[in-house]
Every structure is written in structure tokens, then in C-alpha cells.
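Q: Please take a close look at the internal cavities of this model. I would like their volumes and linings, and then the helix packing that involves an element of one lining.

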Amino acid sequence: MSRTAPAARTTTSPPGAPGARDARETRTALRVCPLCEATCGLTLTIEGTRVTRARGDRDDVFSQGFICPKGASFGELDADPDRLRTPLIRENGELRDATWEEAFGLIAARIGPLIEEHGPNSVGVVLGNPNVHTMAGGLYPPVLLSALRTRNVFSASTLDQMPKHVSSGLLFGSAVAIPVPDLDRTDHLLMLGANPLESNGSLCTAPDFPGKLKALRRRGGTLTVVDPRRTRTAQLADRHVAIRPGTDALLLAALAQVLFEEGLTDLGGLADHVEGVAEVEAAVKDFTPEAVAAACDMDPEEIRTIARELAGAPTAAVYGRIGSSTVEHGTLASWLVDVLNILTGNLDRPGGALFPLAATERAPRPAAPGKGFALGRWRSRVSGHPEAKGELPIAALAEEIETPGDGQIRAVIAIAANPVLSAPDGDRLDRALAGLELMVSIDPYLNETSRHADVVLPPPPPAQSPHFDFAFNALAVANQARYSPAAVPLEAGLMDECEIHARLVLAVSGMHGAEPSAVDDMVIRDTLAKAVADPHSPLFGADAEEQARLLGGRSGPERRLDMMLRLGPYDLILEDLLQTPHGVDLGPLRPRVPQILRTRSGRVELLPGPIADDLPRLRAALAERPAGLVLVGRRHLRSNNSWLHNVPALNGGSNRCTLHVHPDDATRLGLEDGATASVAADGGRVEAPVEITDAVRPGVVSLPHGWGHNRPGTRLSVAAERPGVNVNQLLDGSRLDPLSGTAVLNAIPVEVTPSL
């Protein structure tokens with residue numbers, strides 16, 4: 001069916017679009033916050049071109065006025081004097097200010113010959129967490145990777161969420177088919193390794209996550225939190241289970257075993273769309289509550305009670321995040337989360353866990369078998385790590401740079417990435433990056449990683465950039481769409497972030513000097529050519545060139561967004577979003593099975609081969625006990641990984657890089673509150689001030705991640721005043737979840753002693 005009538009609509013300028021402004025003028029502008037996954041709507045107060053205040057947008061269709069300290073500091077981040085305002089290039093070993101023409105000219109001159117001599121895999125691409133918080137990051141990296149044709153792709157996913165991508169790919173046939181808990185309608189939430197009162201949520205985009213949990217309690221629902229720390233989220237729960245770190249998969253397997261043993265499974269409407277139930281029953285038979293109790297340090301009867309409550313609730317959802325993901329059995333834990341949702345009939349039903357449908361997702365097509373999901377289509381050159389979702393473990397980046405031979409990484413393009421702090425063994429990676437033949441960073445700061453670059457391309461402050469959440473709308477607990485044009489005109493001398501990415505694509509693909517719009521035109525042309533030939537596309541049978549001419553928007557990125565909306569499931573165009581600046585409410589999540597399934601069988605494949613092959617490793621863990629202390633991470637509400645510590649308002653208060661130690665352990669080890677302790681593990685040793693607290697269970701210590709701003713050559717003046725220590729320096733990168741390649745960042749054996 002052709003949808004040509006909506007396509008005839010064109011886009012006009014949005015109300016209040018920024019133009020020439022009187023320096024004394026005070027006005028307001030709406031903006032979706034880009035500082036965490038909650039994507040809250042903000043109302044910015046702007047004096048001239050300066051953001052002087054940020055508050056929650058009460059009329060936002062999704063966040064309804066909620067704001068956290070990060071969003072409230074938007075103006076301070078926007079005006080940070082340490083942000084780079086001009087490109088930098090390396091000359092005679094030193095970075096100097098340069099023109100944009102010099103920067104892109106240097107990239108084009110050096111990367112082409114390097115690829116010609118050593119091949120496309122001589123270039124490594126590293127995508128950092130902030131990349132998914134920008135419109136440019138959602139549109140251009142796939143084009144860049146296509147132009148480079150390298151298999152050496154690394155991202156923050158293998159430090160966080162890759163286990164969920166892998167388990168979803170194996171279960172549902174698509175690595176991006178990730179169900180989220182229906183927070184507003186569920187009666188029972190079982191949460192593992194997540195602390196949304198500090199993180200604002202992860203792989204579950206939900207403004208005011210704390211308020212949603214409180215509402216669950218008020219309507220008589222039950223919240224169970226499994227976490228070795230008594231977090232703010234755990235304090236809110238009906239039941240807090242202080243599990244031994246790293247054993248979440250054992251607990252989840254035991255819950256599944258109880259469901260089978262006591263006849264509590266009921267797949268409900270999913271029954272005709274699932275295969276492998278009997279095989280899962282056999283696979284978890286050995287994981288009885290008694291068998292896992294010692295490893296998890298839990299009472300077997302408590303495990304049975306949790307399983308019975310889960311099965312007996314009118315609706316329920318199981319949700320696991322980074323604490324259950326960045327461990328040795330992270331993919332198995334992620335898989336078992338959805339196994340439990342399926343066995344209790346709570347997957348794909350209101351009040352359970354559902355698949356969001358983003359406005360830029362392609363329009364639904366009839367249910368049918370797909371290509372499925374494959375792991376290990378290629379392997380890393382040095383250690384033979386299998387790829388997952390087109391990526392290699394970021395823990396392997398240093399060895400791929402250091403090790404000579406065919407396919408050695410000789411150049412790195414880092415986009416919003418700071419792996420020297422975020423990846424294991426930053427010291428080794430620091431040395432490796434210093435030996436590259438070429439490094440390019442897109443980054444607003446000269447940080448611990450970008451200081452090694454030969455070219456640094458700084459994007460403008462967020463108020464000067466348009467915003468649309470491509471990634472997080474696909475994980476949202478309610479379907480909606482919001483677009484924020486730039487709130488402030490682009491400052492003289494800066495370059496639009498989308499243009500930076502487009503020019504980088506041109507520089508690496510032999511098209512340096514072409515107009516950046518050529519990149520967007522190419523994507524539009526190729527996408528529409530496929531769409532008009534696809535019987536399931538809304539534009540099937542239309543004329544591709546005519547459809548391209550009808551696209552609205554004042555820039556290439558806006559035209560691409562308009563195209564994606566037109567090809568999406570809601571009959572939207574960009575003009576609809578421009579005319580509804582508080583957002584378009586597209587309704588609650590709805591069931592999507594079987595349409596969403598893309599496995600080869602066309603069904604949920606409950607026990608995929610790679611999962612079955614990894615279960616013996618989990619059985620072996622039944623007998624494992626840590627001999628001493630283990631370390632877990634933590635996160636602060638005023639922080640997001642390593643990239644907000646330079647904002648004064650966010651680098652104080654409770655934002656402390658301290659070692660949490662239980663009083664019993666402190667007494668046994670001779671540690672004093674406020675004194676310094678030495679922490680040693682596989683990869684090295686760090687020293688941190690001790691904070692004695694019973695918020696961690698005995699046998700567990702905790703350090704926050706993202707710190708360690710004490711390396712020379714950076715320009716992070718605020719962060720450098722309170723540098724903290726890099727917890728990932730305790731890791732040597734050898735501990736990985738084998739299915740996903742994700743670095744094991746939690747449940748790490750450590751030795752803690754008083755510093756001399």
C-alpha cells in the first residue's frame with residue numbers, strides 16, 4: 001500500500017526557531033535532556049545566547065516536569081569554559097589550534113594511504129556512551145563504518161549492555177528487540193543489579209523512574225531488589241536481597257527451576273510462539289534453591305518465595321541491568337531474565353515486559369521467519385574473541401594496537417569515547433594509543449583519551465545542536481516522539497555536529513572537499529530506493545525521486561529524520577513534531593509478538609545453541625566461593641560514566657570516589673574511616689579513601705566508575721581538582737563474558753590493605 005498523501009506534506013520553520021537574537025533578550029526554549037537515558041523534557045531560560053536556567057518541562061508528554069541534578073546543570077555544562085571551541089591538530093608532537101579545513105585535510109591526506117597500504121582493518125573505530133545521546137551519533141556512525149569497511153569496531157556496549165543484545169538476538173532473532181518492564185501498569189517488579197534512583201534507568205527509558213517505583217508501591221504492587229549493596233533503590237523495595245555479587249544467573253536459574261518443579265509456568269498467549277520450553281526445564285533441573293543457596297548466600301526458602309510471588313502476581317516483570325550484566329555469566333543472566341518473563345506469561349503483555357515501537361522504526365511487516373542472529377561471524381586477530389553484533393570486545397583494543405602483523409590497528413577514530421577510563425587496564429591502552437600512526441577524536445574535551453589524538457574535532461555545546469533520541473525511544477516505557485531544534489544559534493567558528501560527522505565520512509571515503517549534504521543525499525537516495533521497492537513499506541510503488549523532493553527539513557539531518565518518520569509505523573512527518581514541541585504521545589506499549597520475531601523458526605527460541613553450550617560453565621559456578629573480598633562498582637546520580645565530572649555543580653556533594661567497606665571487614669582489615677586503603681587485583685593497584693558503611697554486605701567493597709582524571713595533557717580543570725581513581729585499572733582485560741565479550745567489571749576478587 002502506498003502512503004503518498006502524507007508524503008505530500010512539507011515542513012515549515014518551527015515556532016521560535018533560533019535566529020538573530022538581541023544579546024539582552026530573555027526567552028525560553030524546549031530541549032530534551034541528553035545527559036542520561038531518561039530523556040526528560042527541559043525548559044531552558046536563555047539570555048541572549050546563554051542558557052541561564054534549566055527546569056523540567058511540565059507539559060512534556062513523557063517526563064511531565066521531572067528533572068534530576070544533571071538536567072538542572074544543563075546551562076553550566078553548555079557554557080563549560082574547558083570545552084574546545086576550535087579543532088586541534090598535532091604538529092611536531094604538540095596539539096595546536098587549527099582551522100576546520102586543516103583538520104579534515106589532515107585526516108584525508110593520511111588515512112587514505114594508510115588503508116591502501118595496510119587494508120581497512122588497520123583502522124579501529126571506538127564509539128563511546130555519549131554517542132547515543134546525540135542526533136549525529138544516531139545518524140552517521142553506520143555510514144562511517146560502511147565507508148571504512150573495517151571489522152575492528154569497539155564500543156561502550158561491551159562495558160555495559162552487550163549481554164542483553166546477545167540474549168535478545170538469540171531469543172528473538174534481533175539484537176535490538178529488547179523488552180522493557182511496563183512500569184506504569186505492572187503489579188510486581190523483580191529488579192536485579194539495577195539502581196535507577198541513581199542511574200535514572202538503563203535499557204529502560206523512563207523519566208522519573210523513582211516516581212514510577214513509588215507509584216507501583218502505592219497501588220499495592222511489590223518491588224523486590226536484588227543487589228549486594230543497600231542502594232537508594234533497595235531502600236525503597238518491599239524486599240531487598242543482598243545477594244553475593246556475580247551469582248545473579250544462579251538465582252535466576254533457580255527461580256526457573258522452582259517454576260517448573262511446582263507447576264507454576266503459564267506462557268499464556270505466547271504458548272503458540274515459543275519453542276524449547278521442555279529443553280529449558282531439563283537445562284535448569286540441577287539449579288535447585290538448595291544447590292544455589294550457598295553460592296548466592298541466600299536461604300533456599302526465600303528463593304522459592306520469590307518464584308511463587310513472581311508467578312502469582314496478576315502481572316509481573318523481571319528486569320536486570322549492569323550489576324547482573326557485567327559479570328562472568330552476564331549473557332546467561334540476561335537470557336534468564338526473559339526466560340522468567342516468558343515462563344510466567346508476562347512477556348509481551350501489558351503489565352509485564354513489552355517491546356517498544358519507536359517512531360523511526362520501520363513500519364511493522366507481517367510475521368515471518370527471519371535471518372536470525374549469529375555470533376562469531378569473525379574473530380579478533382590476537383586473542384580470537386568472537387564478534388557480537390558487529391563489535392569486538394573493547395578490552396581487546398590495546399592488544400590489537402600493540403601486536404604487529406597483518407590487520408594490526410594503526411589508526412583509531414574515537415567518537416565521544418574515553419576508553420582510557422572506561423575500559424580495563426587504562427595504563428596499557430594509554431601506552432597503545434600513544435603509538436598509533438593516526439588518531440582522530442570527535443570530542444568536546446581534551447580528556448584522558450582524546451589527548452592522544454592527531455586531530456580533535458569538537459562538537460558545539462548541546463544547546464546549539466538539534467536533538468532526537470533514536471536509540472532511547474526504542475527502549476522507552478511509553479511510545480512517544482519529541483524533536484528539539486537547536487535552542488541557540490551556532491556560535492561563530494563552531495561546526496554543527498552532524499556536519500562534523502558528514503565531513504569525516506567524506507574525508508575517509510576519498511570524497512574530501514565535497515559538500516557534507518552529499519552524505520545525507522546518498523543515504524536518502526539509497527533508503528528510498530529500497531523503500532519504494534519493498535511491498536511492506538508505506539511508500540511501496542511510489543517514485544523515489546519525488547519522495548525525496550517532498551521531504552521537509554532545513555538540513556540534511558532533518559530531511560533524514562523526516563524520511564525515517566514517513567517510513568515508520570505512525571504516519572508521522574517532521575512537521576508533526578515541530579508543531580508539537582512538548583512531544584507526540586503515541587500511546588502505551590502494546591504486544592508485538594509474533595511480528596517482532598526474526599528467528600529462523602519465526603518463534604521465540606527459548607534455548608538457543610550458544611546458551612545451551614555455556615550452561616556447563618554456570619553449573620561449575622555452583623561450587624565456587626570467593627576466598628576473600630570482591631569488588632562491585634557503583635554510580636552517582638550526579639555522574640554519567642566519565643563525562644560529567646568537569647561540571648562544578650555535578651562534582652560535589654555525594655559524588656565521592658571512596659571505597660565503601662562494611663564495618664566488619666574494616667575491623668578485620670584494620671581500615672579506618674577516611675584513611676586511605678590500597679586495592680589490588682589482576683590488573684594493578686589503586687589507592688582510595690575508605691568510607692565505612694553497612695550499605696555494602698560483608699565481603700564486598702565498592703568503588704564508583706568513571707574517575708581517574710589525573711593524567712597529564714588534559715584540559716579538565718574541574719575534574720582534575722577531584723580526580724578520584726580509575727577502578728578499571730584494577731582489571732587486566734582477561735575476564736570476559738565469553739558469549740558477549742563484555743568485560744567483567746563486577747564481582748572482581750580484590751585484596752584490600754591499609755595504605756602505608
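A: What follows describes the cavities and then one helix pair.

The model is predicted. The count comes to five cavities of 30 Å³ or more. In the largest cavity there is about 80 Å³ of space. Its lining is made of 13 residues, and K164, P179, L203, Y319 and G320 are the closest to its centre. By class, this lining holds nine nonpolar, two polar and two charged residues. Three elements, β8 (180-181), β13 (317-320) and α16, give at least two residues each to the lining of the largest cavity. The largest share is that of β13, with three residues.

The second largest cavity has a volume of about 60 Å³. Its lining consists of C33, L35, C36, A38, T39, C40, L42, I67, C68, K70, G71 and N200. Eight of these residues are nonpolar, three are polar and one is charged.

Helix α16, which contributes to the lining of the largest cavity, also packs against another helix. Helix α11 (residues 248-261) and helix α16 (residues 330-343) meet at an angle of about 25 degrees, and their axes are 9 Å apart. Angles under 35 degrees count as roughly parallel, and α11 and α16 are therefore roughly parallel to each other. Their crossing is left-handed. On the α11 side the contact is made by A249, L252, A253, L255, A256, L259 and F260, and on the α16 side by L332, A333, L336, V337, L340 and L343. The residues of this contact comprise 13 nonpolar, no polar and no charged.

Technical notes: Residues numbered from 1 in each chain as written. Predicted model: local features only at pLDDT ≥ 70, side-chain atom pairs only at ≥ 80, totals over all residues. Heavy atoms only, no water. Axes fitted to C-alpha atoms, helices over the stretch in contact; angles between N-to-C directions. Helix = DSSP H or I, 4+ residues; strand = E, 2+ residues; numbered from the N terminus. Parallel < 35°, antiparallel > 145°, perpendicular 65-115°, else oblique. Left-handed = near helix turned anticlockwise from the far one by under 90°. Contact = heavy atoms within 4.5 Å. Nonpolar A, V, L, I, M, F, W, Y, C, P; charged D, E, K, R; others polar. 1 Å grid on protein atoms, 1.4 Å probe; cavity = no way out; pocket = protein on both sides within 12 Å on 5 of 7 lines; lining within 4 Å. Points joined across faces, edges and corners; volume = space filled by probe spheres on them.
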